Structures are given as structure tokens and as C-alpha cells.
Amino acid sequence: MKQDILFWQLVQHFVVSKEYRILHISPDQNELWLENLTHKKAPIIRIYRHDLDWSTWLQRDIENASSHVVNFKQQLRKRRLHAFNIYVSSYPPVDDWEFRVEEPFENEKTELHSIVLHEGNTQNTLNRISHVTGDEVTIKEDAELDDLGLYHLKQTVLNASSQRDKKERSLFQHGKPLFTYLFIFLHLVMFYLLETNGGSQNPETLVKYGAKYNPAILEGEWWRFFTPIVLHIGFLHLLLNTMAIFYLGAAVERIYGNIRFLGIYLFAGFAGSLASFVFTSSLSAGASGAIFGCFGALLFVGIIHPKLFFRTMGTNILVLIGINLAIGFTIPGIDNAGHIGGLIGGFLASAVVHLPNHKKFVQRILGLAVAAVLTYFLLQEGYNGENPTAQIKQAETLVQQEQYEEAYNLLIDLEDRDEEFPEVLFYLSYIDIQEGKIEDAKNRLERLTTLQPSFHEAHYNLALVYLELNETEKASSSIDKAIELDSTVEAYNNLRTEIEGLE
């Protein structure tokens, strides 16, 4: 009876005080496997109430327990896993047994540390458990309970574990995906409209249907901060983002509920477009900013419920964010500013709406204040006349008005940032052509088509420059590339005919 009380006091310490989760409990309730992955020293603990007899049985049981630890390691996708195995026995084995537990049992990159707690070593063993786990185990060794008292102790532990599990499950049950599927439907409808009205990879079509286009935003078309969320450039872009929102969006909508999810998704999409507007001048579209906002929303769950987050999805979410950001930084043409803006926007929007049944007014007000300040700052920066995007827009207007010198002076300081603003090279080369500086135009256009191979207007202008320099073969290659990218432009086909007449 005394050891039964010690056993359940020990279980109570880990389950109630240290918030370990019960992974498995035997039908007779004498064996429990516990998990707390945030506890680095003892993430897995087995507590077994069994009166030991021979040390050979102890050895066999340790080996059997080790195989379970290997299974846990595979399920948890850990490279290595440490586990702690506690036997609560009335007496130690009758033969020599200490050597069985002196060293951890190793098996397939797992370590199982075993310890035997019996009536003759209770306090020393509790001290050792405290040392191994790093948490002081405070158990009343002399506690006396009758059968009813022991029953109540068991129920207290099991009820605490059950209530915690219910609370954790309820976190993922606040709504069924509704807006997730609505946005997927909008993706498909808008993609069909793009494809049937010029093509989803046609810049003119994208601009017409609401892609993020900085010059138009500077002229007052503020809705372009939102409309890019449902537009996609090419089938692969549509497929990847639709799959992402199907999984991520559904998870976030279940956690936050429908209305909160809608607010998070829209603000994250807006934040992604705003960051892209400020830091990149390229035409862009896609739900990536909003999808990264879903990542941000899940990170906010990790801040509020860190143990649950890392036990369920935390590691995978962090890895996915890292991989996606790394891809954005290494592959040209990906709007990483929009991704990061969406990530931050989703996190801040989550702080504002917060999780259901979490009032947390101070956190919500703080999140709202930070979101408002960042939005104001970025809008000020984006519409600032000294902002590169605004300068390029002004230069474009000056070129259209044939004020080439003024346009050149605005653009020349941005030429060393051509990887960030490749259109600077386009306008400078156009000015070179107008002023008869054909070699300078050639160099800039060759640089531009290397940086942005899909810029069909640049290939067309480069073909004109090559013709001017009597480099017919290169002109032919450039106009072929322009037609490959956009065969609908009549001027491209006319130039192709003209070059064929010279070959």
C-alpha cells in the first residue's frame, strides 16, 4: 500500500505539477508512459509499479521498454531521444541487480536511464530523480491513505490529465473551414478569368485585373493592396498556393474561428502587398503574403501555448518558414518582401483578434498599436517622394513627356540597385536610345535581360539596338525571345519579319 501511494504521488508530481502528458496507461493502471518534449532532460518518462523479484526479469523489461522508446523516437521524428524509467517496488530484486541500472541502455540512438525505488532507498532515489530531471520531487514519504484516499488520488491525477487534453483539443475546434474554401474558389475563378483574357502570365492582363503595380498604387488605386491575394501567375503558382491555403488556412481557421481567420488572412495579404510596394517595384500577385500570415498566426499560437505548439506542429512550422524564406532569398523573382510582410502581418493580426476565449486586452491593444504604427510607417515610406518606387514612377512620367535629362538624373543613382529595381535599366536604356548612346543602351539591356529574362519589352528593345549595330544574328535571337514570351504584340512580329528580310 505504501509503495502504491508513492507511485501515484510520483505520477501526480509529473502529470499535475510538471504538466506531463499521459501517452499510455496500462489496463491495471500500474504502468504509465509520460511525455513533455519541452523538458530537455527527461522528455519521456515511464513509471512502473511492480514488485521486482530477479534481476534477469529487470534486464528483460528494460530491453522491452527500450524498444518502446525507439518507437516513440520514430513517431516524434527525433534524431536522438532520452527516456527515464522508474520502477516502484516494495523490495529490490533478490540477487545482484545494481549493475543493471548503472549505465543507460542504448538502442538505435535512444538512451533509457533506469532507476529502482524501493522501501529501503526511497529518499535517496527521490533525490536522484530530482537530480536527473532537474526538478525537485516533493513527495510525502510518510503519507498514509486508505483505499478510498488512494482512489481519490488516482482520480485527481487522471481527471487533471483528461481536462488538460480536452482543453488542448478544444483549441483546434473553434470553427470549420469556410473562408478557406471561399478563397480557393476565388483563386480558381480569377485564374480562369486571367487565362481567358490574355493569360495569367501577361503583365497587361495582371495589371488590368488588380495585380500589385506600384505606379497604379501611387496614382491612388489603393485596392491593389488587396486584389493580388486572389491572382496567380501561371498554373504552378496557383497550384502551390492553393495547396498551401488548403492545409494552412484550414488549420488556422479551425483554431481561430471563421471571422478571426478572415481578419488575419486579409490583413496579412494587405501587409504582404504593402511590404512589396515599399521594398520592390516589380509587378506581383499571389496569396503568398496571406499564406505566410497563416504561418504568423500559428507562431502566435506558439507564443500563447508553447508546450502544445512544440508538441504538435511547432518544429514543422518553423522548418517550413525557414525553407520558404531561404527559397525566397536564393531564387530570383520571388517577392520575399511580401512573404516577410505577410508573416509579420499575420502575427500582429492574431495578436489583435487573439485566440477564442482568450480576452488578454493588454496583448490585443499592444498588437493593434504595433500594427497601426508599422502600417503608417510603411505607407509613409511607400508614398514618400524619395522612395525608389516613387522616383521610378516620376521618371516614367518624365520619359513619357520626353524630359530625358530630368528622368536620367532621377534614375542614375538607382542603377547600382538594378537587381532590386531592374526597370531602372529599362528606362535608362530607353533614354540612351533616344540620345543616340547605342552602346550604353546595349550594355544596360543585356544586363537587364540577364537579371529578368521574362522582360519581353527589354528583349524587343535589345533586338532594335542590335539591328542598329548591324548585329543581325543577335537581333534575331532577341526578337525570337520576345515573341516566345508574348506572341500577341504586333510590333514584335513585324520586327521578326523585317529581320528575316535581312538574313
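What follows is a short exchange about a predicted model of one protein chain.

Colleague: Why is T375 called buried?

Modeller: Its relative accessible area is 16%. Buried means under 20%, so T375 meets the definition with its 16%.

Colleague: Where is T375 placed?

Modeller: T375 is in helix 15, which covers residues 361-383.

Colleague: Which residues is T375 in contact with, leaving aside its neighbours within four places in sequence?

Modeller: They are F267, F270 and L274. Contact means heavy atoms within 4.5 Å, and T375 is in contact with each of these on that basis.

Colleague: How much of the protein chain counts as buried?

Modeller: Of its 503 residues, 49% do.

Colleague: What is the radius of gyration of the protein chain, set against that of a compact globule of 503 residues?

Modeller: The protein chain has 33 Å, whereas a compact globule of 503 residues would have a value near 23 Å. The globule rule is 2.2 Å times the number of residues to the power 0.38, so the protein chain does not have the value of such a globule. As for the box filled by its C-alpha atoms, this is roughly 105 × 50 × 40 Å along the principal axes.

Colleague: What makes up the secondary structure of the protein chain?

Modeller: There are 22 helices and six strands. Of the contacts with a separation of 6 or more, 68% come from residues 24 or more positions apart.

Colleague: How many positive and negative side chains does the protein chain have?

Modeller: It has 42 positive and 62 negative side chains, with the centres of the two sets 11 Å apart.

Note on methods: Residues numbered from 1 in each chain as written. Predicted model: local features only at pLDDT ≥ 70, side-chain atom pairs only at ≥ 80, totals over all residues. Heavy atoms only, no water. Helix = DSSP H or I, 4+ residues; strand = E, 2+ residues; numbered from the N terminus. Buried < 20%, exposed > 50% of the residue type's maximum accessible area, 1.4 Å probe, protein only. Lys, Arg positive; Asp, Glu negative; His and termini not counted. Charge placed at Lys NZ, Arg CZ, Asp CG, Glu CD.
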